[in-house]
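Subject: Structure handover

Hello,

Here is the structure I promised to pass on. Please have a look at it first, then read my notes below.

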Amino acid sequence: ELDQKTGVFFKAAEPKVHYKKCDNNARYNVCNSMGNLSTFVPDPNSEEILCFSCQFNEPVPALTSERHIP
C-alpha cells in the first residue's frame with residue numbers, strides 16, 4: 001500500500017516497515033524493485049536510494065562511442 005502523506009510503500013501486515021521504489025526506476029525506468037528503508041544503508045557519497053540489487057551495478061558507458069570501446 002502507498003502512504004499518501006509520506007510517499008512510501010508498506011505491507012498491510014507490516015505497516016511500520018517502509019519501502020521506496022528504487023531510484024533507477026524513477027530516473028531510468030530500468031528497475032522494478034524497492035528499497036527497504038528499515039534496512040537500507042546509504043552510500044555516504046550519494047543520495048540515491050537503490051534496491052539491494054542495483055547497489056552493486058556500475059554504469060556501462062555508451063558502446064556507440066568508439067572512445068568507450070577498448
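**The aromatic pair**

Phe 56 counts as exposed, because its relative accessibility is 58% and the cut-off for exposed is over 50%. One caution before going on: this is a predicted model. Phe 52 is exposed too, at 64% relative accessibility. How many aromatic pairs does the count give? It comes to 1 aromatic pair. That pair is Phe 52 with Phe 56, whose ring centres lie 5.3 Å apart. Their planes stand at 75°, so the arrangement is edge-to-face. As background, an aromatic pair is described by the distance between ring centres and the angle between planes.

**The salt bridges**

The count here is 2 salt bridges. In general, side chains of opposite charge can pair when their charged atoms come close.

Start with Lys 20 and Asp 23. Their side chains meet at 2.9 Å, N to O. Is each partner buried or exposed? Lys 20 is partly exposed, with 27% relative accessibility. Asp 23 is buried, at 9%.

Next come Arg 27 and Glu 48. Their side chains form a salt bridge at 2.8 Å, N to O. Arg 27 belongs to helix α1, which covers residues 23-28, while Glu 48 sits in the segment after β3. The partners are 21 residues apart in sequence, so the bridge ties together separate parts of the chain. Arg 27 is partly exposed at 48% relative accessibility. Glu 48 is partly exposed as well, at 26%.

**Helix α1 and what it touches**

Asp 23, one partner in the Lys 20 bridge, lies in helix α1. What does Asp 23 touch, leaving out residues up to four places away in sequence? Its contacts are Tyr 28, Glu 47, Glu 48, Ile 49 and Leu 50. Note Glu 48 in that list: its side chain is the one that bridges to Arg 27.

Asn 24 is also in helix α1. It counts as buried because its relative accessible area is 14%, and buried means under 20%. Beyond four places in sequence, Asn 24 is in contact with Asn 29, Val 30, Cys 31, Leu 50 and Cys 54.

Asn 29 follows in the loop between α1 and β3. It is exposed, with a relative accessible area of 65%. Check its backbone when you open the model. Phi of Asn 29 is near 55°, a positive value in a residue that is not glycine.

**The nonpolar core**

In soluble globular proteins, nonpolar side chains tend to be buried together. Which residues make up the largest nonpolar core here? There are 5: Cys 22, Cys 31, Leu 50, Cys 51 and Cys 54. Cys 31 touches several of them. Neighbours within four places aside, its contacts are Cys 22, Asn 24, Asn 25, Cys 51 and Cys 54. Leu 50, a member of this core, is also in contact with Asp 23 and with Asn 24.

**Strand β3**

Strand β3 spans residues 34-36. Asn 36 is found in it. Its relative accessible area is 22%, so Asn 36 is partly exposed. Apart from neighbours within four places in sequence, Asn 36 is in contact with Val 17, His 18 and Tyr 19. Gly 7 is 29 residues away from Asn 36 in sequence, and the C-alpha atoms are 14 Å apart.

**After β3**

Pro 59 lies in the segment after β3. With a relative accessible area of 79%, it is exposed. Measure in space from Pro 59 to Ala 12, C-alpha to C-alpha, and the model gives 35 Å. The two are 47 residues apart in sequence.

What lies on the surface as a nonpolar patch? Val 60, Leu 63 and Ile 69 form one, with about 330 Å² of accessible area together. Ile 69 is in the segment after β3. It counts as partly exposed, because its relative accessibility is 48%.

Over to you.

Best wishes

How values were computed:
Residues are numbered from 1 along each chain as its sequence is written. This is a predicted model: local features need pLDDT of at least 70, side-chain atom pairs count only at pLDDT 80 or more; totals for chains, interfaces and linings use all residues. Side-chain values use heavy atoms; hydrogens and water are left out. Patches are made of residues with over 30% relative accessible area and no salt bridge: like charges are joined within 9 Å, nonpolar side chains (Val, Leu, Ile, Met, Phe, Trp, Tyr) within 5 Å. Accessible areas come from the Shrake-Rupley method with a 1.4 Å probe; for residues, only the protein chains shown count as cover. A salt bridge is a side-chain nitrogen of Lys or Arg within 4 Å of a carboxyl oxygen of Asp or Glu. Helices (H or I, at least four residues) and strands (E, at least two) are DSSP runs, numbered from the N terminus. Buried means under 20% relative accessible area, exposed over 50%, partly exposed in between (1.4 Å probe, protein chains only). Rings of Phe, Tyr and Trp (its six-membered ring) pair if their centres lie within 6.5 Å; planes under 30 degrees apart count as stacked, over 60 as edge-to-face and the rest as tilted. A nonpolar core is a set of buried Ala, Val, Leu, Ile, Met, Phe, Trp, Tyr and Cys residues joined through side-chain atoms within 4.5 Å. Contact means heavy atoms within 4.5 Å.
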